[in-house]
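Hi,

Here is the structure I promised to pass on. Have a look at it first, then read my notes underneath.

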Amino acid sequence: MSMADAALPTLEDLTDPREWLEEVEGDKQIGWVKEQNADAVARIGEPSDKPLYGRLLEIMESDEKIPYIGRVLNGLYYNFWQDETHVQGIWRRCTLDEYRKAEPEWELVLDLDALSAESGTAACVWVGAPAGAAPEASPTLPVGVSWVWGGSTLLDEGPGVRKDRVMVSLSRGGADAKVSREFDLDAKEFVAVSDGGFELPEAKSQLSYKDRDTLLVGGVFGDAREGGLAAWRRGTPLAEATKVYEGEQSDVSVGGFAYELRYRSLTFYTSSYELKVGEAAWAPIPIPADANVGAAADGPARTFADQLLASTETKNYLVLSCLDNVVTECRFWRSLMP
């Protein structure tokens, strides 16, 4: 029986004949995927041979793209960039004056193409390392892996405090599971575990700095963590992290943020949130289960109902794109904070 003919699980019979595909890197599984790809190409043709493919690729690799600024830290504007030369991408930064130029002079922070290279030296000597530096061994960043950018998590110690550390997340070939390592923005290099750097093994994890020496982590890391939200102190094994919050067995996930906000994902579409302010006890946030909550810098939590399509921020306004009776509508939320 082919996979296409295999019956889906039912409430009476939870047996899934496709369960063996969950071992995504197994030889048998990869061979099956290659067979399906070949069958699809035989039926619909090679996508790269289509004129539209070339047009879209040209657009994606164009140097005329506006560099999106993902972070502004210490007066420097950060951009993650991909083109035909930087296929995996580079993380770079420049000043505002430089950014306003037609051709800004960017400072390279991290090169994922070098990180993904087959050469051991190119893959493990970071931008900013001294000339002739020996490759840095890392159990979670092996040589010859196609690393895909998974974003950065900032250590934010409040206004006026210099921002010098982030957790950089990378995935193998774009997988859901990510490896996360602490990165020094001044030295432009990963912080070695031997120097006290945080390093999370490959997992579907959530993380946030609680303070400079504490990382809030959620996820399952083999035998290291059994799930829930834990406070991991710098310089200690992950297995010794202290569990600070735990949901129910039926929860999709559990997480928390440095702003004393924690949540349980009850389903893929509903969640419950709790907030702690100062020394007060944890208190539930009384919102609909299908609403979302987020923290904006050091400000209070904000809530959005499920009709929210998108949001963006200006200096004084939060611009919301909402659905009202299936009609798109823009709303402005005026910030009352100084």
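Below is what I found, starting with the sheet and then moving to two charged residues.

Keep in mind that this is a predicted model. The sheet is an open one with four strands, ordered S1-S2-S3-S4 and paired antiparallel. Its edges are S1 (71-73) and S4 (107-111), each of which pairs on one side only. From one strand to the next, the twist averages 25°.

Further in, S2 (residues 76-81) and S3 (residues 90-94) run antiparallel and are joined by five bridges. One pairing to look for is Trp-81, whose bridge partner in S3 is Ile-90.

Now the charged pair. Arg-92 sits in strand S3, while Asp-83 is in the loop between S2 and S3. Arg-92 is buried and has no salt bridge; Asp-83 is likewise buried without one. For Arg-92, the nearest side chain of opposite charge is Asp-83, at 6.3 Å. That is no salt bridge, because the cut-off is 4 Å between a side-chain nitrogen of Lys or Arg and a carboxyl oxygen of Asp or Glu.

So what do their side chains do instead?

- Arg-92 makes a side-chain polar contact of 2.8 Å with Asn-79. Leaving aside neighbours within four places in sequence, Arg-92 also touches other residues, including Tyr-77, Trp-81, Trp-106 and Val-109.
- Asp-83 has a side-chain polar atom 2.9 Å from the backbone nitrogen of Thr-85 and one 2.6 Å from the backbone nitrogen of His-86. Beyond four places in sequence, Asp-83 is in contact with Glu-61 and Asp-63.

Cheers

Terms used: Residues are numbered from 1 along each chain as its sequence is written. This is a predicted model: local features need pLDDT of at least 70, side-chain atom pairs count only at pLDDT 80 or more; totals for chains, interfaces and linings use all residues. Side-chain values use heavy atoms; hydrogens and water are left out. Two strands pair if DSSP finds at least two bridges between them. Axes are lines fitted to C-alpha atoms, for helices over the stretch in contact, and angles run from 0 to 180 degrees between N-to-C directions. Buried means under 20% relative accessible area, exposed over 50%, partly exposed in between (1.4 Å probe, protein chains only). Lys and Arg count as positive and Asp and Glu as negative; His and the chain ends are not counted. A polar contact is a pair of N or O atoms within 3.5 Å; within protein, one must be able to donate a hydrogen and the other to accept it, and residues adjacent in sequence count only if both atoms are side-chain atoms. Contact means heavy atoms within 4.5 Å.
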